[in-house]
Amino acid sequence: MPADGTTQREHDLLIAIDGPAASGKGTLARRLAAQYGLRHLDTGLTYRGVAKALVDTGQPLDDEVIAERAARALDLGALDRTVLSEHGVGEAASKVAVMPAVRPALVDKQRAFAATPPGAVLDGRDIGTVVCPHADVKLYVIASPEVRATRRWREIEAGGGSADYAEILADIERRDARDMGRADSPLRPADDAHLLDTSEMDIETAFQAACKLVDARMAAGNGD
Ligand code: CDP
């Protein structure tokens, strides 16, 4: 049931948010989860968790059998955002994420999370297309590569690190190409996704726009 209790729903609210690196989907997902009283899963952390587990144990990132084993062993409850958010882990995660055997192992866990009351917001690359194609609301969040690189650069500097803007931009473009170009579950909007271009929007504006879409969906009822 939605947080305001005004509309009775036959199933828990499920919101799918997809988009490329540093598009703002994570912040949006966290705020929507808080607004509607839902659980939140950043599915990028699951791919990051697998990549980090391999790196930490000195195992290769390109062995599918080893990577699948690490994916099956992953505990969603033990994902440490601070450690996994490190910029280099994202690059390693996108290499692990191209492997077809890794994805279903993580998708099973993500779907179990999504199905747990009281409903959830999941963000990633394939939530609206593969993980939760039946989601009530699907958002596809984009921003230009330059805007995303600037955001990521600011994040790193604000965290006390130092980063090279040109390197970050190159990394974002490389990761976009890998995520959009892979054969299995490429990054793309679902046919029924709402496009949210945040290139010239601050987070508050993006959040308000997303709330409008969710509220409209809730007011329209379950639709099933
Ligand atoms: O935060 P950022 O957008 O940089 O990356 P992330 O969301 O943590 O995801 C890291 C990598 O995991 C992505 O580049 C994708 O290759 C992969 N990923 C995926 O394949 N499917 C998802 N549902 C989420 C992430």
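**Nonpolar cores and the largest pocket**

In this predicted model, the largest nonpolar core (buried Ala, Val, Leu, Ile, Met, Phe, Trp, Tyr and Cys residues joined through side-chain atoms within 4.5 Å, where buried means under 20% relative accessible area with a 1.4 Å probe, protein chains only) holds 32 residues, of which Val 50, Val 102, Leu 122 and Cys 132 touch the most other members. At least two residues of this core come from each of β1 (13-18), α2, α3 (64-73), α5, α6 (102-114), β3 and α7 (127-131), helices being DSSP runs of H or I with at least four residues and strands E runs of at least two, numbered from the N terminus. Helix α6 provides the largest share, six residues. A second, separate core has 20 residues, including Ile 17, Val 137, Ala 206 and Val 214.

Local features need pLDDT of at least 70 and side-chain atom pairs pLDDT 80 or more, while totals for chains, interfaces and linings use all residues. Residues are numbered from 1 along each chain, and side-chain values use heavy atoms, without hydrogens and water.

Turning to open space, the largest pocket (an open set of points on a 1 Å grid where a 1.4 Å probe fits, with protein on both sides within 12 Å along at least five of seven lines) encloses about 980 Å³, the volume being the space filled by probe spheres set on the points. Its lining has 43 residues (an atom within 4 Å of a point), and Ala 22, Lys 25, Asp 42, Arg 48 and Arg 152 are the closest to the pocket centre. Helix α1 gives the most to this lining, five residues.

Notes. Buried means under 20% relative accessible area, exposed over 50%, partly exposed in between (1.4 Å probe, protein chains only).
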